[in-house]
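I opened this notebook to keep track of what I looked up, one topic at a time. My plan is to begin with strands and then turn to the metal site, the charged pairs and the rings.

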Amino acid sequence: MPEQADGRGVKPPDELNPRREPVLDFPDRPLAEMTAGDYDALGFLAGLEVHQQLRTERKLFCRCPAGRRATAVDAEVLRHMRPTLSELGEYDGTALMEFKTRKEIVYLLERGTVCTYEMDDTPPFEIDAEAVEIALELAMIADLNLVSELHVMRKQYLDGSIPTGFQRTAMVGLTGAVPLRVPELGVDRELRIRQLSLEEDSCREVSDVGHRITFRTDRLGMPLTEVVTEPDLLTPRELQAGARLIAEIARATDRIRRGPGAARQDVNVSVAGGRRVEIKGVPHHRGLPRLVHNEAFRQLNLLRIRAALRERGVEAAALADPPGGDPWATSGLVVEAGGVLGATGYRPVRDARERGDTVVAVRLPGFAGLLAHRTQPGATFGHEIAERVRVIACPVHRPFLAHSDRGAATLGPGDWRALRRALGAGGDDAIVVVWAPARDAATAAREVLIRAGEALAGVPAETRQARADGTTGFERLLPGPDRMYPDTDTPPLPIADELVETVRVRLPEPPWARRARYEGLGLDARTAHRLAAAPWAGLFDTLDPRAGGTARRLAALLERRVPYHARRRGRGSGSAVVGAVEEIAAPGRIGPLVRAVEGGEIRPAALAPAFDDAIEHPARPVEDIVAGYRPRADDAARLEARIAEVVARSDEPATRDPDAVLRWAMGEVMPGLRGRVDGAEVRSRLAAALEAEGAEATA
Ligand SMILES: [Zn+2]
């Protein structure tokens with residue numbers, strides 16, 4: 001296989017947006033008012049990392065069951081994070097950050113879902129063969145170049161979500177492309193896939209309060225694939241379409257897990273002048289566009305703040321991270337402010353002093369007004385600083401910070417004057433006050449200076465957390481590219497040609513082939529697109545409608561009625577519908593209806609009511625249902641009589657609105673004739689007859 005590649009040494013994604021000049025004068029606009037051209041002007045670029053749990057019996061490197069959710073607690077393990085020099089002899093920025101948080105990490109263990117492997121007490125077992133097979137299948141659907149050997153690597157993970165501090169991961173395929181075709185966006189090109197890896201899932205976070213974070217280990221070590229795309233997605237809607245496409249590829253295998261948390265995407269976003277920021281763990285596709293739209297403008301706003309600082313001549317050196325020790329003792333920008341604020345009327349600071357917390361004030365030279373600069377909907381640069389403090393210094397009490405740009409809402413005017421004197425702050429300077437136990441207050445003051453210093457670089461390299469309102473919050477510093485190193489516990493595993501062949505022969509139909517097939521059946525591009533992604537696509541295929549009218553009619557019918565019947569049975573939406581489709585609409589009952597239409601036995605218009613009957617009256621033989629819709633010799637005569645009778649009563653409805661009267665008349669005529677006469681024809685005949693009747697009445 002000449003196209004096979006080595007499983008190591010993939011170049012990390014470029015951090016900076018290729019366009020270095022920010023478009024500072026681009027107006028902040030809501031998502032709905034933005035065009036593709038607007039995002040192009042902004043230099044918007046986005047890519048995806050999609051994590052998908054695989055449906056295997058066991059976890060990836062041990063014999064524990066996969067997919068079982070633990071509720072009991074048989075044991076608790078407590079760990080502390082300590083920084084270690086990476087193999088390259090440097091402290092990774094992320095490692096340092098995790099160390100600074102001084103987190104106590106608690107793992108809740110349940111005997112049936114975890115063993116000594118996950119806790120790093122025994123070496124890994126052989127990699128799960130089922131997982132390798134599914135990963136190969138996915139890589140082949142995405143047309144990636146397969147590796148000839150799996151090389152297990154260790155990817156550093158220092159947030160505590162993996163007890164060993166690293167995740168085992170193996171590249172399965174790289175450099176491929178899939179067709180990205182979105183008719184409603186006018187998009188028809190390729191989405192390049194950088195790589196697909198097979199890796200272990202991390203722990204499930206249960207709580208994170210102060211300096212204590214608690215995890216469940218049931219999910220830990222479950223196999224998942226990570227698909228990484230190139231930053232080829234050029235608008236928020238395209239990004240959403242890309243995420244849907246990757247999800248469709250995964251679903252094509254039918255060997256993945258579904259439901260909450262089974263698929264999680266990380267999104268990389270940047271704009272001109274900005275840098276790649278990673279938004280982590282977005283659970284669904286719906287919220288994606290707003291999230292990345294807001295992130296694009298957050299970056300633009302940070303670049304505006306940088307421009308303002310540069311204009312004011314603020315230098316990064318002025319904000320340098322103070323040397324070790326308490327910053328109020330080592331930095332000219334920080335004072336211990338408990339005494340200065342001894343008489344404050346501001347309750348949170350008074351309470352803090354009563355608790356024995358340390359209150360510190362930090363001077364940010366040249367920042368006056370900028371802490372109130374908008375960054376996201378409802379958030380300012382002041383929030384960026386507060387978040388950094390919250391995540392790294394872990395203050396327990398809220399609020400824990402005040403700043404001079406919203407001074408009036410917090411400390412009194414006298415307090416701010418006193419702080420300005422104590423700090424030697426001028427009118428161009430901003431002041432941030434934080435309060436927490438001494439050690440956390442020291443961390444907080446340092447973080448305020450660090451984050452302010454980063455404002456001079458523009459957009460810090462961060463991972464951010466998606467919030468339900470479409471904004472994001474700081475999560476951690478983006479790990480450096482050197483966090484992968486070979487795993488010495490696992491020998492390289494050759495991928496046998498026979499295995500590749502076995503997977504290839506039963507490779508499922510890729511979603512784009514499925515869409516093309518539906519278009520071949522006469523469906524328009526959008527309907528074909530929706531059907532290919534719908535939970536009832538399999539049912540549609542089983543029913544095997546004839547190309548043309550029947551296929552179109554059936555596709556429209558399933559789209560309209562399956563969700564309706566699923567809802568009525570309390571099988572809501574999403575994965576619940578998936579499991580319910582064939583149970584609701586058994587092919588054995590729906591198939592004969594489709595055949596009856598195709599054989600001319602019943603009218604095409606009868607398909608919908610017959611479909612509803614077949615589902616709503618499960619005990620009624622399907623032959624009876626078909627018989628009920630077979631046209632009868634007297635249908636035409638009955639229709640004539642009914643129309644005449646209803647038109648004669650057309651003064652009954654209270655309204656004279658012609659549309660309302662027509663709706664009433666249809667409701668009177670159609671029962672008993674539904675599916676046996678053409679509704680559209682009845683409607684136009686009724687409309688004409690009612691008009692004639694009306695004309696006569698007024699004459
Ligand atoms: Zn285990």
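Before reading any pairing, I noted that two strands count as paired if DSSP finds at least two bridges between them. I also wrote down that the model I am reading is predicted.

**Entry on strands**

I looked first at strand E20, residues 462–466, and found that three bridges join E20 to strand E13, residues 277–282, with the two running parallel. Within this pairing, Lys280 stands opposite Gln465 of E20. I then turned to strand E21, residues 472–477, which pairs with E20 in the antiparallel sense over five bridges. Here I looked up Thr463 and saw that the bridge partner in E21 is Arg476. The hairpin of E20 and E21 has five residues between the strands, and in this hairpin Gly470 takes a positive phi near 90 degrees.

**Entry on the zinc ion**

Which residues coordinate the zinc ion? I listed Cys62, Cys64 and Cys115, each through SG, together with Glu118, which is entered twice through OE, and the distances are 2.2 to 2.6 Å. Along the chain, the donors follow the spacing C-x1-C-x50-C-x2-E. I checked Cys62 and Cys64 for exposure, and both are buried.

**Entry on Thr358**

Is Thr358 buried or exposed? The relative accessible area of Thr358 is 11%, and because buried means under 20%, I recorded this residue as buried. Thr358 is found in strand E15, residues 358–364. Leaving aside residues up to four places away in sequence, I found that Thr358 touches several residues, including Trp328, Glu336, Val434 and Trp435.

**Entry on charged pairs**

I reminded myself that side chains of opposite charge can pair when their charged atoms come close. A search of the whole structure gave 60 salt bridges, and I followed a few of them.

In one of these, the side chains of Glu248 and Arg515 meet at 2.9 Å, N to O. This pair links distant parts of the chain, with Glu248 in helix H4 (residues 236–253) and Arg515 in helix H12 (residues 511–520), 267 residues apart. Glu248 is buried at a relative accessible area of 8%, and Arg515 is buried at 5%.

I next looked up Glu384 and Arg464, which form a salt bridge whose closest N and O atoms are 3.8 Å apart. Glu384 lies in helix H8 (residues 381–393) and Arg464 in strand E20, so the pair ties together parts that are 80 residues apart in sequence. Glu384 is buried with a relative accessible area of 3%, and Arg464 is buried with 0%. Both belong to one network of salt bridges that share partners, and among the other members I noted Arg388, Glu454 and Arg467.

Arg388 also came up elsewhere, for this residue lies over the face of Phe474, at 4.4 Å from the ring centre.

**Entry on rings**

How many aromatic pairs does a search of the whole structure find? I noted seven. In one of them, Tyr39 and Phe44 are edge-to-face, 5.4 Å centre to centre and with 65 degrees between the planes, and both residues are buried. For Tyr518 and Phe540, the ring centres are 5.2 Å apart and the planes are at 85 degrees, so I recorded this pair too as edge-to-face. Tyr518 is in helix H12 and Phe540 in helix H14 (residues 537–543), 22 residues apart, and both are buried.

Note on methods. Residues numbered from 1 in each chain as written. Predicted model: local features only at pLDDT ≥ 70, side-chain atom pairs only at ≥ 80, totals over all residues. Heavy atoms only, no water. Helix = DSSP H or I, 4+ residues; strand = E, 2+ residues; numbered from the N terminus. Donors = N, O, S within 2.8 Å, 3.2 Å for Na, K, Ca; no water. Buried < 20%, exposed > 50% of the residue type's maximum accessible area, 1.4 Å probe, protein only. Contact = heavy atoms within 4.5 Å. Salt bridge = Lys/Arg side-chain N within 4 Å of Asp/Glu carboxyl O. Phe/Tyr/Trp six-rings, centres within 6.5 Å; stacked < 30°, edge-to-face > 60°. Lys NZ or Arg CZ within 6 Å of the ring centre and 35° of its normal.
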